[in-house]
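Trainee: Please take a close look at the ligand site for me. I would also like to see how the rest of the chain is laid out around that part.

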Amino acid sequence: MNLANGRHYLAIPGPSVTPDRVLRAMHKPAPNIYGGPLLDTVASIVEDLKAVARTRHSATIYISNGHGMWEAALANTVRAGDKVLSLVTGHFGEGWSKVAQAVGLQVEVLNSDLSSTFDLAKIAEVLSADKSHEIKALLTTHVDTSSSVKNDLYAVRKILDDLGHPALLMADCIASMGCDRFEMDDWGIDVALASSQKGLMVPPGLAFLFFNEKAAEARAKLGTISPYWDWVPRATPQAFYQYFDGTAPTHHLFGLREALDMLVLEEGVENAWARHETLARAVWAAFDAWSQGGESWMMIDDLKKRSHAVTAARLDGPNGTALRDYLTEQLGVTLGIGLGMAPSGTPEWHSYFRVGHMGHVNAHMVLGTLGAIETGLCALNIEHTAGGLSAAAAVCAGVQDRAAFSASGSAASNAESCCSDPAEARMQRS
Ligand SMILES: *Cc1c(COP(=O)(O)O)cnc(C)c1O
């Protein structure tokens with residue numbers, strides 16, 4: 001028997017699910033790029049992107065993935081030989097540091113453990129020792145998609161302000177934008193990075209840089225830079241082609257316009273954050289239930305430090321890979337691989353996996369994924385406590401207290417039905 005036929009579901013942390021509406025919006029003949037409606041569409045997209053990033057300042061669009069924004073952010077703010085401080089909490093922070101090194105910056109790296117947030121005391125120590133303000137910028141990651149940790153960017157801003165340190169605060173929000181609360185202006189973020197294929201629900205291929213006045217001043221001091229990365233003509237184009245330094249990414253723009261209709265105009269950014277939070281809590285409730293009585297399977301213990309867009313987890317032995325394979329082959333759901341938690345090729349690598357719950361996700365998609373995981377745990381005989389799915393259902397139902405939920409109806413007996421004797425479970429229900 002195989003239960004994988006039907007619509008396959010990709011539950012990885014990017015690319016996320018592209019809404020059918022977005023796909024349909026992209027299915028059009030090529031438009032004129034020298035006049036006509038596309039010009040107004042792009043102007044409206046820029047405004048709505050700012051609404052997502054919560055900024056009154058500048059938004060620019062690149063034909064790029066997220067990696068390109070690491071380079072673009074640096075190209076516009078610092079020059080080779082300058083010093084930057086890179087705060088690393090996982091694979092993606094490491095990636096940005098490597099780019100900074102490769103473009104000739106002096107990079108001081110502050111590494112945290114794989115399942116911790118920034119070390120704020122250490123950051124304060126390094127910055128207060130930097131009396132001559134050699135450090136020109138801080139490179140930070142809001143959500144590091146590898147461990148699913150969420151960093152407190154405002155706490156970093158406060159450290160800079162308390163010390164009167166002028167370094168730019170730059171934030172990689174590629175995993176978090178549209179999913180986790182992010183307030184560019186209120187948190188004093190000078191440069192923010194995002195890309196299309198995660199919370200913004202558009203296929204990979206577009207990426208975004210947001211910058212404020214202070215970052216614009218840093219850019220002005222650099223003089224001429226690589227024209228493709230230069231954000232000045234993109235933010236203040238004299239001709240339409242300058243938005244993109246060449247041909248506009250026409251069909252991605254159609255898709256993005258539709259996605260922003262959904263996110264900004266229809267649902268509202270704050271409601272989208274709330275949806276992500278509830279769905280994330282549902283995922284955590286399931287993991288808590290499954291791992292009850294033992295060590296948590298989730299990489300991040302503190303609820304406040306967990307992303308609402310992705311959950312990274314670890315099972316004993318090679319069970320992470322076994323579970324992923326089973327779900328893909330037998331149940332039609334693909335989970336994310338572990339990233340940066342153990343070197344690939346080692347036995348430990350096979351312990352890790354991730355669940356993406358970012359962008360165009362609703363309760364049935366998340367509950368379906370969790371149901372598939374619970375099915376895999378049963379089928380593969382992976383030791384766990386039953387009841388994860390009903391714990392998640394209780395969160396979606398707004399019944400946070402599981403005990404109350406169990407007492408109120410049949411959910412408790414259903415919870416046992418997966419791995420206990422099916423005949424007994426049937427009797428309990430009848
Ligand atoms: C996905 C991701 C990236 C990389 O984006 P690409 O589009 O794959 O280049 C960078 N940083 C974070 C936090 C991400 O989640």
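Mentor: Here is the ligand site, followed by the core, some strand residues and a few backbone details. Keep in mind that this is a predicted model.

Start with the shell around the ligand. It has 13 residues. Five come nearest: His-67, Thr-145, Asp-172, Gln-197 and Lys-198. Sort the shell by class and you get five nonpolar, six polar and two charged residues. Which helix gives the most to this shell? Helix 3, residues 66-75, does, with three residues.

Now look at single atoms. Three of the nearest residues have side chains to check. Asp-172 has a side-chain N or O atom 2.7 Å from a nitrogen atom of the ligand. Gln-197 has a side-chain N or O atom 2.7 Å from an oxygen atom of the ligand. For Lys-198, a side-chain N or O atom is 2.6 Å from an oxygen atom of the ligand. A polar contact is a pair of N or O atoms within 3.5 Å. The Asp-172 pair, at 2.7 Å, therefore falls inside that cut-off. The Gln-197 pair, also at 2.7 Å, falls inside it too. So does the Lys-198 pair, at 2.6 Å. How much of the ligand is covered by the protein? Taken alone, the ligand exposes 380 Å², and the protein buries 90% of that.

Next, the core. The largest nonpolar core has 57 residues. Inside it, Leu-138 and Phe-210 have the most contacts. Helix 9, residues 250-267, supplies the largest share of this core, eight residues. Two domains take part. At least three residues of the core come from domain 1 (9-14 + 269-429), and at least three from domain 2 (31-266).

Turn to the strands. Strand 5 spans residues 135-141, and Thr-140 is found there. Is Thr-140 buried or exposed? Buried means under 20% relative accessible area. Thr-140 has 0%, so it is buried. Its side chain has a partner: the side chain of Thr-140 reaches the backbone oxygen of Met-170 at 2.8 Å. Ala-137 also lies in strand 5. Its relative accessible area is 0%, so Ala-137 is buried as well. Compare its place with that of Thr-346. Ala-137 and Thr-346 are 209 residues apart in sequence. Their C-alpha atoms are 36 Å apart in space.

Strand 9 covers residues 191-195, and Ala-194 has its place there. Ala-194 is buried, because its relative accessible area is 1%. Leu-339 is 145 residues from Ala-194 along the chain. Between their C-alpha atoms there are 19 Å.

Follow the chain on from strand 9. Met-201 lies in the loop between strand 9 and strand 10 (206-211). What is unusual to check here is the backbone angle. Phi of Met-201 is near 65 degrees, a positive value in a residue other than glycine. Met-201 is in a loop, and with a relative accessible area of 5% it is buried.

Asn-381 also deserves a look. It has a positive phi of about 60 degrees, although it is not a glycine. Asn-381 lies in the loop between helix 12 (363-379) and helix 13 (388-396). Is Asn-381 buried or exposed? Exposed means over 50% relative accessible area. Asn-381 is at 71%, so it counts as exposed.

Helix 12 also holds Leu-377. Leu-377 counts as buried, because its relative accessibility is 1%. Thr-346 comes up again here. Leu-377 and Thr-346 are 31 residues apart in sequence, and 23 Å separate their C-alpha atoms.

One last backbone detail. Which residues does a cis peptide bond join? Gly-14 and Pro-15 are joined that way, with omega about 0 degrees. Pro-15 lies in the loop between strand 1 (9-11) and helix 1 (20-26).

To go back to your request, keep two points about the site. The protein buries 90% of the area that the ligand exposes when taken alone. Asp-172, Gln-197 and Lys-198 are among the residues that come nearest to the ligand.

Technical notes. Residues numbered from 1 in each chain as written. Predicted model: local features only at pLDDT ≥ 70, side-chain atom pairs only at ≥ 80, totals over all residues. Heavy atoms only, no water. Near = heavy atom within 4 Å. Polar contact = N/O pair within 3.5 Å; in protein donor to acceptor, adjacent residues only side chain to side chain. Areas by Shrake-Rupley, 256 points an atom, 1.4 Å probe, with all protein chains shown as cover. Helix = DSSP H or I, 4+ residues; strand = E, 2+ residues; numbered from the N terminus. Nonpolar A, V, L, I, M, F, W, Y, C, P; charged D, E, K, R; others polar. Core = buried A, V, L, I, M, F, W, Y, C linked by side-chain atoms within 4.5 Å. Buried < 20%, exposed > 50% of the residue type's maximum accessible area, 1.4 Å probe, protein only. Domains from an automatic or database assignment.
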